[in-house]
Amino acid sequence: MAEGINTLSDTTFDELIGASDAPVLVDFWAEWCGPCKMIAPILEEIAGEQAGKVQIAKVNVDDHPDLAMRFDVMSIPTLILFKDGQAQKRLIGAKGKGQLLEELSEYL
């Protein structure tokens, strides 16, 4: 995984989300998902450019289906922004960098 991006599991999810001072954008994705692969480099850029303002994390839905079910992830990629441990915003589908930053601007 890219620098600045955390890979979450069933055991690390609540700990990282709850402990973060910054908002955490969690990408629910899978290896076989084309749109997921399209947004991966965009998320890497955002992780680098917005370091300290937002954390980027990934959950592979094939490896951690319980997390996907817990947050009602029905299609991927689904991005959920958590702030203070609570889900604040949900974005579904691949989006360009500008659109992503615009939709997340109130949290950055």
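How are helix 2 and helix 4 oriented to each other? Keep that question in mind while you get your bearings in this model, which is a predicted one.

Let's start with the two helices. Helix 2 covers residues 34–49 and helix 4 covers residues 97–104. They pack with their axes 10 Å apart, at an angle of about 50°. That angle falls outside the ranges for roughly parallel, perpendicular or antiparallel, and helix 2 and helix 4 are therefore oblique to each other. If you look at the handedness of their crossing, you'll find that it is right-handed. On the helix 2 side, the residues that make the contact are Ile42, Leu43, Glu45, Ile46 and Glu49. Helix 4 brings Lys97, Leu100 and Leu101 to meet them. Sort these contact residues by character and you get five nonpolar and three charged, with no polar ones.

Now turn to the sheet. It's an open one, built from five strands in the order 1-3-2-4-5, and its pairing is mixed. Strand 1 (5–7) and strand 5 (86–92) sit at the edges, each pairing on one side only. Going from one strand to the next, the twist averages 25°.

You can walk across the sheet from the strand 1 edge. Strand 1 pairs with strand 3, residues 55–60, in the parallel sense, and three bridges hold the pairing. To spot this pair, find Ile5, which stands opposite Ile56 in strand 3. Further along, strand 2 and strand 4 run antiparallel and are joined by five bridges. Here Val24 has Phe82 of strand 4 as its bridge partner. Strand 4 also runs antiparallel to strand 5, this time with six bridges between them. A handy landmark for that pair is Leu81, opposite Lys89 in strand 5.

Strand 4 deserves a pause. Is it enclosed by the rest of the structure or open? Five of its six residues are buried, so strand 4 is largely enclosed by the rest of the structure.

So where do the two helices go relative to the sheet? Helix 2 lies across strand 1, strand 2 (24–29), strand 3 and strand 4 (78–83), and it runs at about 155° to strand 3. Helix 4 packs on the sheet as well, touching strand 2, strand 4 and strand 5. The direction of helix 4 makes about 150° with that of strand 5.

Finally, have a look at the loops on either side of strand 4. Most residues other than glycine have a negative phi, and most peptide bonds are trans. With that in mind, check the loop between helix 3 (65–70) and strand 4, where you'll find Pro77. The peptide bond leading from Ile76 to Pro77 is cis, with omega near 0°. Asp72 is found in the loop between helix 3 and strand 4, too. Although Asp72 is not a glycine, it has a positive phi of about 55°. Its relative accessibility is 51%, so Asp72 counts as exposed.

Past strand 4 comes the loop between strand 4 and strand 5, which is where Asp84 lies. These strands form a hairpin with two residues between them. Like Asp72, Asp84 is not a glycine but has a positive phi, of about 55°. With 63% relative accessibility, Asp84 counts as exposed.

Notes:
Residues numbered from 1 in each chain as written. Predicted model: local features only at pLDDT ≥ 70, side-chain atom pairs only at ≥ 80, totals over all residues. Heavy atoms only, no water. Axes fitted to C-alpha atoms, helices over the stretch in contact; angles between N-to-C directions. Helix = DSSP H or I, 4+ residues; strand = E, 2+ residues; numbered from the N terminus. Parallel < 35°, antiparallel > 145°, perpendicular 65-115°, else oblique. Left-handed = near helix turned anticlockwise from the far one by under 90°. Contact = heavy atoms within 4.5 Å. Nonpolar A, V, L, I, M, F, W, Y, C, P; charged D, E, K, R; others polar. Pairing = 2+ DSSP bridges. Buried < 20%, exposed > 50% of the residue type's maximum accessible area, 1.4 Å probe, protein only.
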